[in-house]
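Colleague: I have the model open beside its sequence and would love a guided look at one part of it. Could you take your time over it?

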Amino acid sequence: MLGAIVISEPVGRECNVRDGGYSTWAKWHKCPASVSVLGSSSVVRTGEYLRQSGFQEVAMLGGRSHCTVTASLAEIQDQTWRKAANQLREYHQNGLETLLIIRADAYVECDLALFIAHHQQEGRAITRAVDQEGVLDMWAIDLSRFEGTDDLLSTLASANEGHCEITGYVNRLETPQDFRRMATDLMTRKCKTRPRGTETRPGVWIDDGAQISRGARIVAPAYIGREVRIADDCLITRCSNIESWSHVDFGTAVEDSSILTNTYVGIGLDLSHSIVDGDELLNLHHEVRLHISDPVVMRRNSPRGYQREQLWQPEASEVGL
Amino acid sequence: MLTSGPVIIMQLPEELNVREVQAFMREMGPLLESNRPRIVLECSQVRSMDSAGVEMLLRCLEEVLKQDGDLKLAALSAEAEVILEIMRVARVFETFPTSEEAARSFNAIPADAIPQDAPWYANLFGDFGAVKQAS
């Protein structure tokens, strides 16, 4: 039986030091893996991909749900990894032999059966995945040989027994550009995972409850999320994605941009090469981050929908999907 | 007749919100009412600008054009550039990489100063075109 632990945690404590850690620009979001891209976060997509690949036991760990409200990022990470160590012991006690641990700060689609087979053939305790750009936070573990500790992340990061080069789709989600690439790759079918909703015409996905005014124009490829409202005279074009519960108001053009969950975008704007999250705007062309103080221009919508969007994180969903 | 008055270069504040706009407009007021004002707004310090800031820029441009003058933007910070693009007003302004270039641009011969009977290439070749024409 195959088992996996998927860990999603806030950015901060790196074990993947490919470029010497994250730059200030790269720290664009506390937890990029939890950001919804075309209807689902990469954590959820990773979980689904594991199930499709034949993993019967999948534990999803992460988020703030098990921590106090005032917990710091480091505390959240420590607690998440401690939970992972406990889960690992539990799997071992239940007779699981091989376990996959994925830190969902990157989105990876590869031949997991091949990766596990390579690990088993080599007879190592730990095998870490690598691709052309360096190591990935994905490990295959032989539970009979592995001596688990509470500081699981350090143990995994320092283990240098063996690597297995994987081929397939990898997006490290380190920068906002990576995030945009993920959106465009999904829409242009460069990876196996698909946008949520219905493909109403080639390249245009509309999710449940979206309201698109008759006078709005959606040019493929594009994604309109759940309960999104697009007003008259709007133009959504060039791989733009409008995530759940967002509202694009009259006459605004959105080009090559991502509007994240629960965001209001005002009247008559021209948004291009950007990611908007509430009142925060990242322009990828100029590599600048702006706080928009004018709520008429951009703002966070009421939190009702946003809280519903976070449902992947609670304790109840941690074991099994 | 070409304008020959001085070019005024003014630095925009870091934040261009309602409060800053009021203070800035108090300074700009007399300038906007002068004859053929030639103004360069230096935008390198601008880090944030709300709709009041954008409205102020448009108002200044409108007033200056009424007085037969011109207003140009220089050294736009990335933030200012993005905001003007989003608000769809970037194309309304003439922009320059530096204040010096913006100031120099006021001394270029405007198209309507060229006699209508001059050949089409006179404007393209500048002085050289003028010499050729004279000879």
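Colleague: Why does A:I224 count as buried? Please show me the sheet around this residue as well.

Modeller: Happy to. This is a predicted model, so local features need pLDDT of at least 70 and side-chain atom pairs count only at pLDDT 80 or more, while totals for chains, interfaces and linings use all residues. Residues are numbered from 1 along each chain as its sequence is written, with chains lettered from A and ligands numbered from 1 in the order in which they are written.

A:I224 counts as buried because it has 31 C-beta neighbours inside 10 Å. The cut-offs are 20 or more other C-beta atoms within 10 Å of a residue's own for buried, 12 or fewer for exposed, and partly exposed in between, with C-beta atoms placed from the backbone. Leaving aside neighbours within four places in sequence, A:I224 is in contact with A:I206, A:D207, A:A210, A:I212, A:I218, A:I230 and A:I242; contact here asks for C-beta atoms, placed from the backbone, within 7 Å. As for A:R45, which is 179 residues away along the chain, its C-alpha atom is separated from that of A:I224 by 18 Å.

Now to the strand. A:I224 lies in β15 of chain A; strands (E, at least two residues) and helices (H or I, at least four) are DSSP runs, numbered from the N terminus. Residues 222-224 make up β15, which pairs in the parallel sense with β18 (residues 240-242) of chain A over three bridges. Pairing requires that DSSP finds at least two bridges between two strands. Within this pair, A:Y223 stands opposite A:N241.

Stepping back, β15 and β18 belong to an open sheet of eight strands in chain A, with the order β11-β12-β15-β18-β21-β24-β25-β26 and mixed pairing. Its edge strands, each pairing on one side only, are β11 (198-201) and β26 (288-291) of chain A. From chain B, helix α3 (residues 78-86) packs on the sheet and touches β25 (280-283) and β26 of chain A, its direction making about 65 degrees with that of β26(A). For that angle, axes are lines fitted to C-alpha atoms, for helices over the stretch in contact, and angles run from 0 to 180 degrees between N-to-C directions.

Let us follow the sheet to that edge. β24 (residues 274-277) of chain A pairs with β25(A) in the antiparallel sense over four bridges, and A:D277 stands opposite A:E280. The two strands form a hairpin with two residues between them, where A:G278 in the turn has a positive phi of about 65 degrees. Next, β25(A) and β26(A) also pair in the antiparallel sense over four bridges, with A:E280 opposite A:H291. Their hairpin has four residues between the strands, and A:E287 takes a positive phi near 50 degrees.

Finally, the contact between the chains takes 13 residues from chain A and 12 residues from chain B. On the chain A side, β23 (270-272) and β26 each supply at least two residues, and the largest share, three residues, comes from β26(A). By class, this side has six nonpolar, five polar and two charged residues. Ala, Val, Leu, Ile, Met, Phe, Trp, Tyr, Cys and Pro count as nonpolar, Asp, Glu, Lys and Arg as charged, and the others, Gly among them, as polar.

Methods: Two residues are in contact if their C-beta atoms, placed from the backbone, lie within 7 Å.
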